[in-house]
Amino acid sequence: MFGRIGQRREKHIAVEHLSAYLDGQVTAQERLQVEQHLAACAACAHELETLRYTTQLLRTVPPVSVPRAFTLAEAEVGRAAVRRQITWLARTLQGTAALVAALLLAVLVGDILWQPGRFAAPQPMVAEKAVQETIVVEAAPEVKEETAVAEKVVEVEKPVEVQKAVAATVAVEREAVVERAAPPAPSAEAAIAEAEGAPAGEAPAELPMRAMAVTAEETPPSLEAPPGAGVGGGAVEPALEAWTAPETVEEAAPAAMAESVSPAPTVAPAETATLPAYTPTAVPVPQAAPPPPAETTARPGARWSLTRLLEIILATLLVILLGLTLWLRRWR
Amino acid sequence: MDEKALVAAAQHGELPAFNQLVLQYQSLAYNVAFRITGDADAATDATQDAFLKAYQALRGYRGGSFKAWLLRIVTNSCYDVLRARKRRRTTSLDDLAVAPEHAWQMVSHDEGPEEQALRRELAQVIQAGIAMLPPDQRTAVILSDIQGLSYQDIAEVMGCSLGTVKSRLSRGRARLRDILLQQQELLPSRYRLKGTASK
């Protein structure tokens with residue numbers, strides 16, 4: 001009840017108790033203590049007097065008249081109910097927009113963090129270059145196959161030199177393509193052997209069936225080879241086409257038919273012996289690079305496209321929700 | 001029909017019953033709103049909003065003092081109106097030091113014109129002092145010393161304990177006393193504190 005006032009040593013009654021004393025909000029014991037102290041302390045008596053003066057002044061403040069009746073009309077109550085519903089809707093939309101924004105952010109961050117190869121160190125370049133040097137001639141048709149499939153263009157009459165140049169640049173960037181170029185050697189040999197036994201004219205017609213048989217057993221499904229992509233042309237090209245994936249097999253027949261009228265030489269089976277540049281390089285490669293699992297190239301693309309789709313959907317939803325919220329706020 | 005019956009009928013959606021309660025309490029609600037906001041228009045808005053909110057929230061009323069329950073909604077509406085006005089920068093607590101002349105229409109017609117003028121002058125000074133108090137102290141002082149509510153009712157209106165009411169009220173009174181003592185020369189002479197010179 002008692003406290004110090006300023007720097008003075010003597011104890012005085014706290015203002016809170018004096019105020020309560022004025023209103024009669026103290027116990028009988030407290031009242032006695034206050035009255036005994038007030039009789040002896042002029043400062044506290046003055047404090048009480050000024051407080052009493054203030055409350056008396058406040059009680060003189062007259063009431064003001066009401067400007068109008070505040071009774072409610074049915075229409076007013078109805079409007080208020082609608083306004084309240086709109087407010088609730090706006091708040092719900094705001095909350096949903098915040099949730100969608102958080103989800104979009106999480107997806108974006110996840111996409112950035114989990115994107116393979118974005119922050120990972122590049123693959124060993126030395127081994128890649130060594131492989132590239134040894135199989136650059138062989139990789140040429142393979143890489144060309146990749147680019148041809150991607151662009152949906154069947155390259156039949158492209159000069160070999162141009163194809164090599166394209167392969168050299170792309171092979172550095174795509175290790176997987178280089179690795180995939182390795183395994184077909186046995187199948188290529190088998191195809192060459194078959195091609196040698198068959199007449200040159202028959203080869204294009206039989207190729208689709210052979211290609212399907214060989215790729216189903218030995219080659220990875222991702223291997224694709226456009227028709228007429230051989231280095232030496234003629235019987236070597238059919239052999240390479242044996243790597244062709246099932247999707248491109250349909251293209252192989254018409255392309256092989258076109259081969260007969262193309263400027264690329266249709267060499268007889270006997271002429272394959274005069275093409276040492278291709279055959280020796282194709283042999284040592286299979287042991288160098290095992291066939292990669294198909295998932296490593298196929299799955300990330302699918303995942304990324306799904307992520308992109310999700311991001312687009314979330315962003316669109318967020319824009320719609322924010323627009324609706326702003327519109328409701330203005331309308332309100 | 002007594003207050004309980006009116007409240008019960010209003011709780012069942014009978015608007016005429018609620019309007020009777022409005023007529024019964026509108027003067028108290030408007031006066032509290034006027035003292036808190038210090039502005040006639042703001043007080044009108046706050047009172048109207050308060051009655052609307054009260055009607056919508058009436059189903060949640062679980063007994064107790066209806067006056068305290070209603071005044072709690074009124075004070076909250078006053079704070080909302082003050083906040084909204086402050087956001088729009090059309091007015092602020094400092095701007096409310098002196099209310100417009102038209103707001104001071106007293107109810108009492110027993111006094112002569114001179115007495116009315118004196119009291120109006122006094123009321124303006126007091127209102128200016130009230131406007132300088134923090135909102136919680138202002139509400140406590142208005143409810144206790146102008147409207148004459150009990151500590152228990154004030155505690156219900158403000159949603160706090162009796163001890164908090166005592167504390168807020170004493171601090172508000174002490175602060176207002178200091179303001180009024182500093183502005184003794186602005187007060188009509190008959191309302192000045194005798195034996196105290198203006199500090």
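1. Six of the eight residues of helix α7 of chain B, which spans residues 151–158, are buried, so this helix is largely enclosed by the rest of the structure. The model is a predicted one, and this enclosed helix offers a place to begin reading it. The buried residues of α7(B) are Y151(B), D153(B), I154(B), A155(B), V157(B) and M158(B). The cover over these residues comes from both chains, since it includes α1 (15–22) of chain A as well as α4 (66–88), α6 and α8 (162–182) of chain B. Just after the helix, G159(B) adopts a positive phi of about 65 degrees.

2. As for the overall make-up of the two chains, chain A has 14 helices and two strands, whereas chain B has eight helices and zero strands. Read from the N terminus, the elements of chain B therefore run α-α-α-α-α-α-α-α, where each element is a DSSP run. Of the 332 residues in chain A, buried residues make up 39%, while 53% of the 199 residues of chain B count as buried.

3. The contacts within each chain can be described by how far apart the partners lie in sequence. In chain A, among contacts with a separation of 6 or more, 78% are accounted for by residues 24 or more positions apart. In chain B, among contacts between residues at least 6 apart in sequence, 63% join residues that are at least 24 apart.

4. How many residues does each chain bring to the contact between chain B and chain A? Chain B contributes 48 residues and chain A contributes 38 residues. The area buried between the two chains is about 4,000 Å², and carbon and sulfur atoms give 65% of that area. On the side of chain B, Q48(B), R173(B) and R177(B) supply 16% of the area that this chain buries against chain A, which is more than any other three residues supply.

5. One helix pair that joins the chains is formed by α1(A) and α8(B), both of which are also named among the elements covering the buried residues of α7(B). The axes of α1(A) and α8(B) come within 8 Å and cross at roughly 100 degrees. These two helices are therefore roughly perpendicular to each other, because angles of 65 to 115 degrees count as such. From α1(A) the contact uses V15(A), E16(A), S19(A), A20(A) and L22(A), and from α8(B) it uses G163(B), K166(B), S167(B), L169(B), S170(B), R173(B) and A174(B). Sorted by kind, the residues of this contact divide into five nonpolar, four polar and three charged. R173(B), which takes part here, is also one of the three residues named above for their share of the buried area.

6. A second pair across the chains consists of helix α3 of chain A (residues 42–59) and helix α6 of chain B (residues 135–146), whose axes come within 9 Å and cross at roughly 75 degrees. That crossing makes α3(A) roughly perpendicular to α6(B). On one side T55(A), L58(A) and R59(A) take part, and they meet V141(B), D145(B) and I146(B) on the other. The residues of this contact divide into three nonpolar, one polar and two charged.

7. The largest nonpolar core holds 72 residues, and those that touch the most other members are L57(A), L72(A), F18(B), F51(B), F66(B), I126(B) and L143(B). Helix α2 of chain B (residues 15–37) gives the most to this core, with 13 residues. What surrounds F51(B), when its neighbours within four places in sequence are left aside? F51(B) is in contact with F70(A) and L72(A) from chain A, and with F18(B), V22(B), Y25(B), Q26(B), A29(B) and L70(B) from chain B.

8. Two residues of helix α4 of chain B deserve a look together, namely S77(B) and I73(B). S77(B) counts as buried because its relative accessibility is 1%, and I73(B), at 14%, counts as buried as well. Not counting residues up to four places away in sequence, S77(B) touches A46(B), D49(B), A50(B) and K53(B). On the same basis, I73(B) touches A50(B), K53(B) and A54(B), and the C-alpha atoms of I73(B) and K53(B) are 7.4 Å apart although the two residues are 20 apart in sequence.

Technical notes: Residues numbered from 1 in each chain as written. Chains lettered and ligands numbered in written order. Predicted model: local features only at pLDDT ≥ 70, side-chain atom pairs only at ≥ 80, totals over all residues. Heavy atoms only, no water. Axes fitted to C-alpha atoms, helices over the stretch in contact; angles between N-to-C directions. Helix = DSSP H or I, 4+ residues; strand = E, 2+ residues; numbered from the N terminus. Parallel < 35°, antiparallel > 145°, perpendicular 65-115°, else oblique. Contact = heavy atoms within 4.5 Å. Nonpolar A, V, L, I, M, F, W, Y, C, P; charged D, E, K, R; others polar. Buried < 20%, exposed > 50% of the residue type's maximum accessible area, 1.4 Å probe, protein only. Core = buried A, V, L, I, M, F, W, Y, C linked by side-chain atoms within 4.5 Å. Buried area = accessible area lost by both parts, 1.4 Å probe.
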